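Trainee: Could you take a close look at one helix of this model, and then set the surrounding strands and the enclosed space beside it? I should like each term given with its cut-offs.

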Amino acid sequence: MKVLSVASELYPLIKTGGLADVAGALPLALSAHGVETKTLIPGYPAVMKAVKAPKKVHEFENLLDEHATLLSVRHEGLDLLILDCPQLYERSGGPYLDTHGRDYPDNWKRFAVLSKAGAEIAAGILPDFRPDLVHVHDWQSALVPVYMRYAETPEVPSLITIHNIAFQGQFAGSLFPYLELPGHAFYEALEYYGTLSYLKSGIITAHAVSTVSPSYAEEILTAEFGMGLEGLIASRADDLYGIVNGIDADVWNPAADALLPAGYSAANLKKRGGNRAALLERFGLDSDDGPIFCVVSRLTWQKGLDLLPAVIDDIVAHGGKLAILGSGDSEIEAALQHAAAHNRGRVGMVLGYDEKLSHLMQAGSDIILVPSRFEPCGLTQLYALRYGCIPLVARTGGLADTIIDANEAALAAGVATGVQFAPVTTDALRRAIHRTLRLYSDQGLWSQMQKQGMKSDVSWIRSAATYAELYQRLVSKGQ
């Protein structure tokens, strides 16, 4: 089976979050199921710099009034199609935001052009590649099935994966004429209270919809989590699938991770000590035996990290330490920086994101905090399981699906892998921290939880098989 995947980011070339990890790892995992994937991504500067000797395979003379070149290249096992359009993608900021953290004003066009190119590839513009199915990700490529429908190429089935329904690609309704779609497409697919919603249009026009965990698939049917689209999602309930994400088990392998000072496995957890020492030094933390909590996250309300400043004193008072890596909301950043300044040796913070450091934090910390108010899947807790770092998570979305709470029954059965809490409030988080500290005080029990987590299958093996089955179902239905 030949599949065209369309994504706005892809690891290892360009990454702002979990979408990139999924777009990079899923094609590799699917190859074991006879699925050949080509992934279309924008030609950002980081992408163009990294790939070697790409081959020009098509020239678009007019993509929404833009000239673009389609390049083909193989990079680290991935078959890529790169849309080289410097006037849209050659920017000094990130994929979506400028250097001041503001949305590019032409994001509506940057990703409409990407989607239009994807639809034309689906229609067969490349002589040696006509996909059997198109898989698009989030709002940035959600117009692909829209262009496919209105270009009358419905024989190619499409799947849209919602990685986070909070981000919907909303733009002014006045921009609709520039999308080069028939007038009736506005009310049939794109209109959302007078604006355009790219994600809504993809949900309406794709043959099937998936989310990145079974619990999140149920949650987005509700007003609390559906972000205004719950009614539309409910109308597609028969075509809605929740498939939990996996991680690249080769990249995230503590026994062979070249980014770590000390490799280790579940059989020799004591070797984690080398990573612990390096982590303490990097964050300027005291070298006592107290547990190390860590945060590797965007510092936002969604991630529940506005609650963290209020519980730091509890962590420190009970002998714990805290290492923070992330950036986001300026008020949260300032509150955490203030806490670090007033708790030197107990709290350390690195502002921004550092892939190498994130590996060290998983390998050297004892507990990772993931108090998200909603979490479609979450990859951080999966990395933590793999690295013997106990996840303390909110009971929501993919966090609830992937972490087995250390309740009395789970502990007795020896299957607990972490700590869950609900609701997402300061008091509930504080109680969960106290419960985690009690567990940590029993090192035999703690070691058992670490080993159980490290045994968890967090790879793409099962999820890739589920995706392959869904692909086959959609292709067979369309024949």
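**A helix and its surroundings**

Mentor: In helix H11 (residues 308-317), the buried residues are Leu308, Val311, Ile312, Asp314 and Ile315. Here buried means under 20% relative accessible area, exposed means over 50%, and partly exposed lies in between, with a 1.4 Å probe and protein chains only. Helices (H or I, at least four residues) and strands (E, at least two) are DSSP runs, numbered from the N terminus. The model is predicted, and local features need pLDDT of at least 70, side-chain atom pairs count only at pLDDT 80 or more, while totals for chains, interfaces and linings use all residues. Residues are numbered from 1 along each chain as its sequence is written, and side-chain values use heavy atoms, with hydrogens and water left out.

An α-helix has 3.6 residues a turn, so residues three or four places apart point the same way. The buried residues of H11 pack against six elements: strand S13 (292-299), strand S14 (321-328), helix H12 (330-342), strand S15 (347-351), strand S16 (367-370) and helix H17 (426-440). Contact is taken as heavy atoms within 4.5 Å. After H11 comes Gly319, whose phi is positive, near 85°.

One of those packing partners, S16, leads on to strand S17 (residues 390-394). S16 and S17 pair in the parallel sense over four bridges, where pairing requires that DSSP find at least two bridges between two strands. Within this pair, Ile367 stands opposite Ile390 in S17. S17 is mostly covered, with five of its five residues buried. Ile390, Leu392 and Ala394 point one way from S17, Pro391 and Val393 point the other way, and all are buried.

Strand S7 (residues 158-162) is also mostly covered, five of its five residues being buried. On one side of S7 the buried residues are Ser158, Ile160 and Ile162, and on the other they are Leu159 and Thr161. S7 pairs with strand S6 in the parallel sense over four bridges, and Leu159 is the bridge partner of His135. Four bridges also join S7 to strand S11 (residues 208-211), again running parallel, with Ile162 opposite Thr211 in S11.

Strand S1 is largely enclosed by the rest of the structure, because four of its five residues are buried. Five bridges join S1 to strand S2 (residues 36-42), and the two run parallel. Leu4 stands opposite Lys38 in S2.

An antiparallel arrangement appears elsewhere: three strands form an open sheet in the order S8-S10-S9. Its edge strands are S8 (170-171) and S9 (191-192), each of which pairs on one side only. S8 is joined to S10 (residues 195-197) by two bridges, and Gln170 stands opposite Ser197 in S10. Helix H7 (residues 198-205) lies across S8, S9 and S10, at about 55° to S10; axes are lines fitted to C-alpha atoms, for helices over the stretch in contact, and angles run from 0 to 180 degrees between N-to-C directions.

The remaining topic is empty space. On a 1 Å grid over the protein atoms alone, a cavity is a set of points where a 1.4 Å probe fits but cannot get out, a pocket is an open set with protein on both sides within 12 Å along at least five of seven lines, and lining residues have an atom within 4 Å of a point. Grid points are joined across faces, edges and corners, and a volume is the space filled by probe spheres set on the points. One cavity of 30 Å³ or more is counted, and the largest cavity holds about 50 Å³. Its lining consists of Val3, Ser5, Val22, Ala23, Leu26, Pro27, Leu30, Thr37, His135, His137 and Tyr471. Two or more of the lining residues come from each of S1 (2-6), helix H1 (18-30) and S6 (133-137). H1 supplies the largest share, five residues. The lining of the largest cavity divides into seven nonpolar, four polar and no charged residues, where Ala, Val, Leu, Ile, Met, Phe, Trp, Tyr, Cys and Pro count as nonpolar, Asp, Glu, Lys and Arg as charged, and the others, Gly among them, as polar.

H1 also gives the most to the lining of the second largest pocket, with six residues. About 480 Å³ of space lies in that pocket. Of its 24 lining residues, Ala25, Leu28, Asp248, Ala249 and Asp250 lie nearest its centre. Helix H19 (461-478), like H1, supplies at least two residues of this lining, which divides into 16 nonpolar, four polar and four charged residues.
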